[in-house]
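Subject: Handing over the structure

Dear colleague,

I am passing the structure on to you with this message, and a summary of what was found in it comes after. Please have the sequence and the model open beside the text as you read.

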Amino acid sequence: MKYNGLSDEEVIVSREKYGSNEIPDCEPTTFWDEFKETFSDPMIKILLAIAALMIIMFFFGYAEIYEPLGTIAAVLIVAVVSAKTGVASDTKYRELKDSTEKDKCKVYRNSLIDVIDIDNVVTGDKVLLQSGDKIPADGILVSGSLTVDNSSLNGESEECKKTAAKEDASLPEDITGDTFVDAHSLFRGAVVFDGEGVLDVKKVGLKTMMGKMAEEMQEDEPDSPLKVKLAKLAKQISLFGYVGAIVIAVLYFAYFIVSAGGISAYFANGATEVLKDIVEAVSLAVVIIVCAVPEGLPLMISLVLMQNTSKMLSHNVLVRKAEGIETAGSLNILFSDKTGTITKGMLEVVDFFTADGNSVAIPELPQHKNIKNLLDLAIGKNTQSMFDASHKVIGGNATDQALLKFIGEDTFNALKEDTSYEVVQSQGFNSSNKFSQAQLNGSKGRTFYKGAPERLVDAAKKYLDADGNVKDIDKDALNKKIDSLASKAMRVLAFGYSQKDMVTSKINDDIVIIGLVGIRDDVRPEAKEAISEVQKAGIQVVMITGDRLETAVAIAKDAGLLRNEDDKALSSAQLKEMSDDEVKKIITKIRVIARALPTDKSRMVRICQEMNLVVGMTGDGVNDSPALKRADVGFAMGSGTEAAKEAGKIVILDDNFKSIKDAIWYGRTIYHNILKFCKFQLVINVAAVVVSAVAPFFGVEEPLKVTHLLFVNLVMDSLGAIMLGNEPALKKYMSEPPRRRDESIVSKEMMAQIVTMGAWVVLISFLYLKLPFFRNLFETDGQHLTAYFVLFIVIALFNGFNVRDDGLAIFKGLDENTGFLKVFFTIILVQAVIVNAALIPVPVFKWIGNMFSCVPFGITGWAVVVILAVTIIPADMVRKLVVNGNK
């Protein structure tokens, strides 16, 4: 039928009346939005509160300005780095998206066929659809017939047949799962597999099913597990700091009273002295809080996430939202698509066997020349598919394409060019005959068949064995083999030949069976290995698919998901009959959900999160988007729809389960590096709190100046992030059990290390500060206290080695983290410059020396300080030997 289509004027009128076909992207991530988001972090709020308090004290003359300004600078750096990371991830995604050419379609306009961007389609357009085209809008098929793939909409990979509707047909208003597979309705995002037809566009843009699902993506996401853990840590540290500060301030004030000879004697000193002592006690309390709060932690996390998002690109993982990569490492349960993720995403021949039931290994098939030559003719001369100029198979259905790939392009082209193999007549496959046939010309003239085994085998009495000999067929043995393949979700096709001329819709009685093949979308070998590794990591993997239950079970067994009788495979219908509480009781046993609907995916995510599990979801279609958005981390497939990629935190560029495994592995590595940094930093903080709090009672008024604490909290912490943020990914991380969503960052074992090593630093500190031996090594008290500043920093640096490993392998892997030693020596060099700044005849260096209250001292003092500092390594090794020996 000839269509004139809309005129240019009618297009404008339709667009004004019904809207554009463009589905707007979500707003791009802006630097300002990401920058503001940083200030919702509970740790950042604590830092800003401390800075505000220090500024107030500065104006009253009781504090230095360096600390609050330094803290504010640290917060701003965190905000900038976090914002930059967020914008960079989003920009990388949009660059990837923009590099992909926009989909186009063929429409009837002004009595001609025009090729336009799908965004320019309007309601009322007549769109010409052919094999391989993506349907650009919702509407009705008004001419021709098609088979379409609706998997991007409903997750089901089956071919759905569509026929032309009557002219007065309309698109149903209430869309259900059945509407996708009805006789006439077509929906944006589906792909034409075969056939040709004309779409009458009824709905465009946000009014399409894809548009409506894109609008649903605006709901809020749950907090990431890392954010939950950091909030808990911030609360714990705040409590420790505030309670400790109050206790120390009260004790310090009591110390003044006792020193004065009692309460009456103390208050007899007058209100001025009392007020001065109160201010001094409060100042000490503020110093305690400053020491307690790990100012560098937010910066460290921002730096680590930024470093690893770029690193993950080499593993085919595009991190859209930085926290997604760490969340991947926290997964308890992962719902994975089947097609293209666990399987290869395309049909292929996986088994060839003769009619006696004996398989011939596919790589060995060329050695069986008689069978191979006949099989090539039965496929290559009896197909609707072909190779295009870019060597891709086009045309025909999925089975035809799989068979053509099986014989290969060289064989297909050789048969095409050989004039002795010309096709005289042929008959294509249809649902009633269930076979196709083609008769060749010349002396080699034969009729070749390809079709359902029940049709060809029923008509056959003879078959070829592996050596090409004609023998009598044993149908019982053959049917047994076919049944065994059917149980593995394989589609079986038979091939045969006859010496007689072709008869339409009939198989000749002299047919000889050449052989049979088993075809299916097979499990990726690397996916099977990756699934095993993820399961060993304690993560429950559930395959959730739109396929039939029988097919899903067969694939799940091959992929290693179904291993014993307790493992459960459910259909969507069975799941629907169960209440949420019933599902929760068996959730640890579920391995497969078949015929899954979008609502099933979202429901499973919700139920798991109610059980405090960290949930991952993979998906590629518009139908997956709500679940991808709701999950703690959504893995969108690189070949999937834009809606899915917008909803996911991570895009798996190669659609491979192995890349998901890598994302989990690196997520765990990031978390371990955060733990290492926390141990590194909290040991410093605990020691600084105790030394600053207790030293005044022992006659050392200010062992660490405010500027020293500034150096510890900003320089040490920020560079410490670089030291430990790039620690290598260790295989042992994938053998650890998953962590709970609300699990504290500081475990009992970690707390034991922090307290023990903090106590060691305190012990070394007081031995150094109070023993005359160490004091006599220096000429002045100023040199003695300056050397203590160096000791405190260097002992913390050596503790950086301790936190690298829970065992004794603290120096292993330094070649993979070259930044560690670089930062180690850089910090020592910077401190040496600060200590010796007064020796440099430049005003700015003298100012630096005065700011840090540093007095240069000799090489002997440096040697003693380093020797004392290095003792933290054997001390922690002893602790590890004791702890590990008791396990």
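What follows goes through the interior, one strand, the salt bridges and a surface patch.

Please keep in mind throughout that this is a predicted model.

To begin with the interior, the largest nonpolar core has 120 residues, and the residues with the most contacts inside this core are Phe-635, Phe-657, Met-716, Tyr-768 and Phe-792. The element that gives the most to this core is helix α25, which covers residues 657-694 and supplies 19 residues. Apart from the largest core lies another one, of 30 residues, which includes Val-360, Val-393, Leu-415 and Tyr-421. As background, nonpolar side chains in soluble globular proteins tend to be buried together.

Two of the residues named for the largest core can be followed further. Leaving aside residues up to four places away in sequence, Phe-657 touches Leu-334, Ser-336, Thr-341, Ile-342, Ala-527, Ala-530, Ile-531, Val-534 and Val-541. Phe-635, for its part, belongs to strand β25, where Val-633, Phe-635 and Met-637 point one way while Gly-634 and Ala-636 point the other way. Strand β25, residues 633-637, is mostly covered, with five of its five residues buried. This strand runs parallel to β24 (residues 615-619), to which it is joined by four bridges, and within that pairing Phe-635 is the bridge partner of Thr-618.

Turning to charged side chains, the structure holds 38 salt bridges, and three of them may serve as a way in. Lys-372 forms a salt bridge with Asp-376, with the closest N and O atoms 2.9 Å apart; both residues lie in helix α13 (residues 369-380), four residues apart, which is about one turn of the helix, and both Lys-372 and Asp-376 are buried.

A salt bridge within a helix is also found in α33 (residues 872-885), where Asp-876 and Lys-880 are four residues apart and are therefore separated by about one helical turn. For this pair the closest N and O atoms are 3.4 Å apart. Asp-876 counts as buried because its relative accessibility is 0%, and Lys-880, with a relative accessible area of 2%, is buried as well.

The third salt bridge joins Arg-606 to Asp-580, the closest N and O atoms being 2.9 Å apart. Since Arg-606 lies in helix α22 (residues 598-610) and Asp-580 in helix α21 (residues 580-586), the pair ties together parts that are 26 residues apart in sequence. Arg-606 is partly exposed, with a relative accessible area of 32%, and Asp-580 is partly exposed too, at 24%. Both residues belong to a network of salt bridges that links Asp-580, Lys-584, Arg-603, Arg-606 and Glu-610.

Finally, on the surface, Leu-763, Leu-767, Leu-771, Phe-773 and Leu-777 form a nonpolar patch, with about 430 Å² of accessible area together. Within this patch, Leu-777 sits in the loop between α28 (772-775) and α29 (781-802), and Leu-777 counts as partly exposed because its relative accessibility is 31%, while buried would mean under 20% and exposed over 50%.

With kind regards

How values were computed:
Residues numbered from 1 in each chain as written. Predicted model: local features only at pLDDT ≥ 70, side-chain atom pairs only at ≥ 80, totals over all residues. Heavy atoms only, no water. Patch = residues over 30% accessible without salt bridge, like charges linked within 9 Å, V, L, I, M, F, W, Y side chains within 5 Å. Areas by Shrake-Rupley, 256 points an atom, 1.4 Å probe, with all protein chains shown as cover. Salt bridge = Lys/Arg side-chain N within 4 Å of Asp/Glu carboxyl O. Helix = DSSP H or I, 4+ residues; strand = E, 2+ residues; numbered from the N terminus. Buried < 20%, exposed > 50% of the residue type's maximum accessible area, 1.4 Å probe, protein only. Core = buried A, V, L, I, M, F, W, Y, C linked by side-chain atoms within 4.5 Å. Contact = heavy atoms within 4.5 Å. Pairing = 2+ DSSP bridges.
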